[in-house]
Amino acid sequence: MNRSATHIVTEFILLGFPGCWKIQIFLFSLFLVIYVLTLLGNGAIIYAVRCNPLLHTPMYFLLGNFAFLEIWYVSSTIPNMLVNILSKTKAISFSGCFLQFYFFFSLGTTECLFLAVMAYDRYLAICHPLQYPAIMTVRFCGKLVSFCWLIGFLGYPIPIFYISQLPFCGPNIIDHFLCDMDPLMALSCAPAPITECIFYTQSSLVLFFTSMYILRSYILLLTAVFQVPSAAGRRKAFSTCGSHLVVVSLFYGTVMVMYVSPTYGIPTLLQKILTLVYSVTTPLFNPLIYTLRNKDMKLALRNVLFGMRIRQNS
């Protein structure tokens, strides 16, 4: 097929969420507040880890990088969503659509890898506390972080490039708030089963192996917790692990529904809500889950806020 003759789509229309103007204003305000809170929460973690010498440890180095990742992950969707809510055309350029597609999936893959690395860090700290300082060195921690970023961003350029080369001859309307795999493939004029199969296989393998590793790590971790003689220590460990598992389950559960199981029978509105859960809600709650039960982090954040107040009053 002659691509120059068929590829006439130069932009896509992201319909977003339906509703009258008042509903659109409400959604705009809601997502704006969520975005600001996400930036503030994750930004405070990065600042606290950077400025507090007591937090210059592998665990907090991972947490700071994870917060940095969450800022970029939520920024790949919400700013464009906010613009589209107030826009009359709701248009996104062809290149902008595929750029968002690439960053959204690359950052999501990086998040899966980070969750697995953080589970490994907690497993070592609780199950092998004596070997932990020798294994989780600053150098090794830096290699793990680099591995997450590199694998996340090097895994999707080729399949997404091939998807962008498919003929799109209209219509150009995407009933979603972002450029995602299924809506884009539905708009292609020519089927590409091999490219689609490679993309979904790759995504499924990342989700499967990271989720299985996280599950294994927490099972071993909880087994070690049972051996803690102190009842208060067991309760604290269970509480912390339980809150972590809730976030992980929420993220992986919604992602697997969207990209592992068939989505043809799922209503479009439900697909949008599921995408919101793992792309918008989890970056908002992750800072709370990973810091509220951590005394050192709470103290560091309190010092950050207190220091800011002193500078403002002086």
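At 44% relative accessibility, phenylalanine 208 counts as partly exposed, because that category covers values between the under 20% of a buried residue and the over 50% of an exposed one. This residue is a useful place to enter the structure, which is a predicted model. Phenylalanine 208 is found in helix H10, and together with Leu205, Phe209, Met212, Leu215 and Ile219 it forms a nonpolar patch on the surface, with about 590 Å² of accessible area for the group.

Helix H10 itself runs over residues 193-226, and its 34 residues should span 50 Å at 1.5 Å a residue; the end C-alpha atoms are 48 Å apart, which agrees with that expectation. Besides the residues of the patch, helix H10 has a set of buried residues, among them Thr195, Phe199, Tyr200, Ser203, Leu207, Thr210, Ser211 and Ile214. Further along the helix, Ser217, Tyr218, Leu221 and Val225 are also buried. When reading such a list, it helps to recall that an α-helix has 3.6 residues a turn, so residues three or four places apart point the same way.

From this one helix we can step back to the chain as a whole. The protein chain contains 13 helices and three strands, and of its 314 residues 46% count as buried. About 16,000 Å² of the protein chain is exposed, and carbon and sulfur atoms supply 72% of that area. Among the contacts in the protein chain with a separation of 6 or more, 79% are accounted for by residues 24 or more positions apart.

The UniProt record, an unreviewed entry, lists residues 25-48, 60-78, 98-120, 140-162, 205-226, 238-261 and 273-292 under "transmembrane region". Two of these spans can be set beside the model. Over residues 25-48 the chain is 100% helix and 0% strand, with end C-alpha atoms 34 Å apart, while residues 98-120 are likewise given as 100% helix and 0% strand, with 33 Å between their end C-alpha atoms.

Helix H2, which covers residues 21-51, has 31 residues that should span 45 Å at 1.5 Å a residue, and since its end C-alpha atoms are 44 Å apart, the model agrees with the expected value. The buried residues of helix H2 are Gln24, Leu27, Phe31, Ile34, Tyr35, Thr38, Asn42, Ile45, Ala48 and Val49.

One of these, Ile34, leads on to another helix, as it is in contact with valine 280. Valine 280 lies in helix H12, residues 268-291, and counts as buried because its relative accessibility is 2%. Leaving aside neighbours within four places in sequence, valine 280 is also in contact with Val74, Thr77, Ile78 and Thr275. The fold brings distant positions together here: valine 280 and tyrosine 73 are 207 residues apart in sequence, yet 8.4 Å apart in space from C-alpha to C-alpha.

A second buried position returns us to helix H10. Isoleucine 160, in helix H8 (residues 157-164), is buried because its relative accessible area is 5%. Residues up to four places away in sequence not being counted, isoleucine 160 touches Phe98, Phe101, Tyr102 and Phe199, and Phe199 is one of the buried residues of helix H10. Isoleucine 160 and threonine 195 are 35 residues apart in sequence and 8.8 Å apart in space, again from C-alpha to C-alpha.

Charged residues add another kind of link. Side chains of opposite charge can pair when their charged atoms come close, and the structure holds two salt bridges. In one of them, the side chains of lysine 272 and aspartate 175 meet at 2.8 Å, N to O. This pair links distant parts of the chain, since lysine 272 is in helix H12 and aspartate 175 is in the loop between strand E3 (173-174) and helix H9 (181-187), 97 residues apart. The partners differ in their surroundings: lysine 272 is buried, with a relative accessible area of 3%, whereas aspartate 175 counts as partly exposed at 36% relative accessibility. Aspartate 121 forms a salt bridge with arginine 122, with the closest N and O atoms 2.9 Å apart, and aspartate 121 is buried at a relative accessible area of 2%.

A last stop is lysine 90, in the loop between helix H4 (78-86) and strand E2 (91-93). Lysine 90 has a positive phi of about 55° although it is not a glycine, and at 17% relative accessibility lysine 90 counts as buried.

Key:
Residues numbered from 1 in each chain as written. Predicted model: local features only at pLDDT ≥ 70, side-chain atom pairs only at ≥ 80, totals over all residues. Heavy atoms only, no water. UniProt positions renumbered as here; feature names shortened; annotations may be inferred. Helix = DSSP H or I, 4+ residues; strand = E, 2+ residues; numbered from the N terminus. Expected span 1.5 Å × (residues − 1). Buried < 20%, exposed > 50% of the residue type's maximum accessible area, 1.4 Å probe, protein only. Patch = residues over 30% accessible without salt bridge, like charges linked within 9 Å, V, L, I, M, F, W, Y side chains within 5 Å. Areas by Shrake-Rupley, 256 points an atom, 1.4 Å probe, with all protein chains shown as cover. Salt bridge = Lys/Arg side-chain N within 4 Å of Asp/Glu carboxyl O. Contact = heavy atoms within 4.5 Å.
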